[in-house]
Amino acid sequence: MLRRLLLILALAVAPLAVVAPAASAQTPPPVTAADRVLGRADAPVTVIEYASFTCPHCGHWFNEVFPAFKARFIDTGRVKLVFRDLPTDPQQYSMAAAIIGRCAAPGRFFDVATSLFAGQASLATGGGRAWFDNALAASGRTREEMQACFTAPGRQEALNADVNAAITAGITSTPAFFVNGRAFAGDPNIEALATAIGAAAPGR
């Protein structure tokens with residue numbers, strides 16, 4: 001059954017057709033109900049992350065920095081994190097993973113993200129089967145529900161729209177962060193992000 005699901009997903013996902021990057025970083029699109037958000041809706045700071053599930057730097061950030069970031073900023077109500085997809089090579093894996101995340105049950109996206117980032121090593125050694133299987137298990141969906149979601153009208157177009165919006169905003173690598181709409185430059189370690197967050201909401 002898993003093999004059939006992955007075949008359906010592979011057939012449903014087309015190569016990305018992206019626009020040219022902007023000359024300089026611009027403000028990303030505003031947060032909408034379609035975004036995957038972690039944290040309080042009224043948090044004074046919004047951090048938007050553009051990432052790819054096959055990007056090792058994204059995996060490092062999520063596995064090594066995110067737990068402390070979540071405890072220090074999200075769990076305390078200071079920040080809400082918005083995750084957006086910007087798939088990187090190999091696209092047959094990163095785009096499929098992005099769509100699995102988008103098809104997750106409500107409230108389960110970050111469970112899928114945790115599985116995918118934690119399992120990047122198995123992707124390198126196992127050809128992706130265990131990687132996808134674990135993500136599907138974390139999704140809160142049955143295989144039948146996932147199959148229907150994979151081929152839903154507009155699924156690919158929604159992913160492409162997010163990718164093109166990211167590139168229009170001047171993003172050329174992942175992970176990329178915006179803090180209250182301003183591009184974050186440099187190493188996204190916890191202290192550098194704390195400085196940017198403090199500047200975005202002084203005294204909070």
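How many helices and how many strands are there in the protein? The model is a predicted one. The protein holds nine helices and five strands. Read from the N terminus, the elements follow the order α-β-β-α-β-α-α-α-α-α-α-β-β-α.

The chain was next examined as a whole. The protein has 204 residues, and buried residues account for 46% of them. About 9,700 Å² is exposed by the protein. Carbon and sulfur atoms contribute 56% of that area. Contacts were also sorted by separation along the chain. Of the contacts between residues at least 6 apart in sequence, 82% link residues at least 24 apart.

Two pairs illustrate separation in sequence against separation in space. Met 146 and Ile 99 are separated by 47 residues in sequence, yet their C-alpha atoms lie 9.7 Å apart. Glu 191 and Phe 69 are 122 residues apart along the chain, with a C-alpha to C-alpha distance of 9.5 Å. Glu 191 belongs to helix 9, which covers residues 190–200. Its relative accessible area is 46%. Glu 191 therefore counts as partly exposed, since the value falls between the 20% and 50% cut-offs.

Met 146 sits in helix 7, residues 143–150. Is Met 146 buried or exposed? Met 146 is buried, because its relative accessible area of 1% is under the 20% cut-off. Its contacts were listed without residues up to four places away in sequence. Met 146 then touches Ile 100, Cys 103 and Ala 104. It also touches Leu 136, Ser 139 and Arg 141. One of these partners, Cys 103, takes part in a disulfide.

The search of the whole structure returned one disulfide. Cys 103 and Cys 149 form this link, with their sulfur atoms 2.0 Å apart. Where do the two cysteines lie? Cys 103 is in the loop between helix 3 (91–102) and helix 4 (109–118), while Cys 149 is in helix 7, so the pair ties together parts that are 46 residues apart in sequence. A disulfide is a covalent bond, made between the sulfur atoms of two cysteines. The angle about the S-S bond is -90°, and the link of Cys 103 and Cys 149 is left-handed. Cys 103 is buried at a relative accessible area of 2%. Cys 149 has 12% relative accessibility and also counts as buried, because that value is under 20%. Two further cysteines were assessed for burial. Cys 55 counts as buried at 4% relative accessibility. Cys 58 counts as buried at 0%.

The largest pocket was then characterized. It encloses about 260 Å³ of space. Its lining comprises 14 residues. Ala 34, Asp 35, Arg 36, Arg 102 and Asp 162 lie nearest the pocket centre. Which element gives the most to the lining? Helix 8, residues 155–168, does so with five residues. By class, seven lining residues are nonpolar and six are charged. One is polar.

Backbone geometry was inspected last. Most residues other than glycine have a negative phi, and most peptide bonds are trans. Which peptide bonds depart from the trans form? A cis bond joins Asp 89 to Pro 90, with omega about -5°. Pro 90 is placed in the loop between strand 3 (79–85) and helix 3. A cis bond also runs from Thr 174 to Pro 175, where omega is near -5°. Pro 175 is placed in the loop between helix 8 and strand 4 (176–179). Asn 180 is a residue other than glycine with a positive phi, near 50°. Asn 180 lies in the loop between strand 4 and strand 5 (182–183). At 36% relative accessibility, Asn 180 is classed as partly exposed, because the value lies between 20% and 50%.

How values were computed
Residues are numbered from 1 along each chain as its sequence is written. This is a predicted model: local features need pLDDT of at least 70, side-chain atom pairs count only at pLDDT 80 or more; totals for chains, interfaces and linings use all residues. Side-chain values use heavy atoms; hydrogens and water are left out. On a 1 Å grid over the protein atoms alone, a cavity is a set of points where a 1.4 Å probe fits but cannot get out, and a pocket is an open set with protein on both sides within 12 Å along at least five of seven lines; lining residues have an atom within 4 Å of a point. Grid points are joined across faces, edges and corners, and a volume is the space filled by probe spheres set on the points. Helices (H or I, at least four residues) and strands (E, at least two) are DSSP runs, numbered from the N terminus. Ala, Val, Leu, Ile, Met, Phe, Trp, Tyr, Cys and Pro count as nonpolar, Asp, Glu, Lys and Arg as charged, and the others, Gly among them, as polar. Buried means under 20% relative accessible area, exposed over 50%, partly exposed in between (1.4 Å probe, protein chains only). Contact means heavy atoms within 4.5 Å. Accessible areas come from the Shrake-Rupley method with a 1.4 Å probe; for residues, only the protein chains shown count as cover. A disulfide is a pair of cysteine sulfur atoms within 2.5 Å.
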